[in-house]
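Here's a quick tour for anyone meeting this protein for the first time. Have a look at the structure below, then read on for the main points.

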Amino acid sequence: DNLELILAQSSFYHKDKFYKFSNQLDVLSYSPLSFIEKVRLGISVLKIQKVSSNKLDSLTAQEWLIKNSGKSVYEKFYKPMLVSKFGKFYDNASAAWLADRLKLRANRGVKGEQLGYMKTGFHLLIDALKESIVSKGGKIVTGVEIKKIVCDDRARQLYYDDESIEVNSIISTISMDMFGKYVSLDKKYDDFQYQGALTILVGLDRKLSNYYWSNFVDIDVP
């Protein structure tokens with residue numbers, strides 16, 4: 001009863017105008033692209049949905065898009081979004097990432113994409129997960145400092161504060177350079193580059209548009 005499904009309308013913003021872009025048919029009315037460019041865009045989306053992302057690991061999104069959609073579609077449609085997402089690293093973004101992203105976003109009906117929201121907040125889901133873990137004998141520890149992690153062929157031992165625990169698997173949500181402080185890592189991880197993301201939340205007394213999500217493909221927008 002707490003899950004609410006909402007039809008989310010999305011758009012593209014170009015030259016002071018919002019263009020509805022919620023389903024596959026909306027591409028036909030997207031005037032910033034010529035008819036041929038729209039065809040190329042559609043073909044590129046269909047092609048990348050059928051390719052296994054594992055086969056794209058060695059390619060950048062830029063390489064794949066220019067080859068499969070053309071230089072003009074890349075410059076006018078894809079590149080502004082890559083720049084807004086990855087900044088100066090836009091030309092290093094993975095084609096495998098792009099494939100997974102487009103497959104996810106393209107999985108929508110004729111009316112558009114449905115998003116699910118918890119009416120009273122996601123704490124209900126978190127509390128339910130917590131109760132399930134504890135009821136099955138799991139232990140949740142918060143507010144402690146990890147000291148080190150020891151991994152060998154026999155077990156994985158995690159040390160925190162004055163205690164330790166033996167586990168089957170470790171899932172880390174921190175960057176590899178920070179994770180390397182606790183466990184020895186392969187040298188290949190030394191070359192990883194990270195980019196910070198800044199999210200700004202603004203409360204307004206009116207809505208900016210009728211769209212849930214807008215992609216800015218106008219490079220002149222600051």
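Let's begin with the big picture: the protein has six helices and eight strands. Its radius of gyration is 22 Å, well over the 17 Å that the globule rule gives for 222 residues, so the protein is more spread out than a compact globule. Keep in mind that this is a predicted model.

**Overall layout**

- If you walk along the sequence, the helices and strands come in the pattern β-β-β-α-α-α-α-β-α-β-β-β-α-β.
- Measured out along the principal axes, the box filled by the C-alpha atoms is roughly 65 × 45 × 35 Å.
- Of the 222 residues, 26% are buried.
- Take the contacts between residues at least 6 apart in sequence: 58% of them join residues at least 24 apart.
- The accessible surface adds up to about 16,400 Å², and carbon and sulfur atoms account for 54% of that.

**The β2–β3 hairpin and serine 11**

- Strand β2 (residues 10–14) pairs with strand β3 (residues 17–20) in the antiparallel sense, over four bridges.
- Together β2 and β3 make a hairpin with two residues between them, and in the turn lysine 15 has a positive phi of about 50°.
- Serine 11 sits in β2, and the residue opposite serine 11 in β3 is lysine 20.
- Is serine 11 buried or exposed? Serine 11 has a relative accessible area of 0%, which is under the 20% cut-off, so serine 11 counts as buried.
- Which residues does serine 11 touch, leaving aside its neighbours within four places in sequence? Its contacts are Phe18, Tyr19, Lys20, Phe21, Tyr211, Trp213, Ser214 and Asn215.

**Helix α2**

- In helix α2 (residues 61–69), the buried residues include Ala61, Trp64, Leu65, Asn68 and Ser69.
- Those residues cover an arc of only 95° around the axis, so they lie on the same side of α2.
- Just after α2 comes glycine 70, with a positive phi of about 95°.

**Threonine 120**

- You'll find threonine 120 in the loop between β4 (113–118) and α5 (123–135).
- Why does threonine 120 count as partly exposed? Its relative accessibility is 48%, and partly exposed covers the range between the 20% and 50% cut-offs.
- Threonine 120 and serine 69 are 51 residues apart in sequence, and their C-alpha atoms are 43 Å apart in space.

Key
Residues numbered from 1 in each chain as written. Predicted model: local features only at pLDDT ≥ 70, side-chain atom pairs only at ≥ 80, totals over all residues. Heavy atoms only, no water. Buried < 20%, exposed > 50% of the residue type's maximum accessible area, 1.4 Å probe, protein only. Contact = heavy atoms within 4.5 Å. Arc of directions from axis to C-beta. Pairing = 2+ DSSP bridges. Rg over C-alpha atoms; globule rule 2.2 N^0.38 Å. Areas by Shrake-Rupley, 256 points an atom, 1.4 Å probe, with all protein chains shown as cover.
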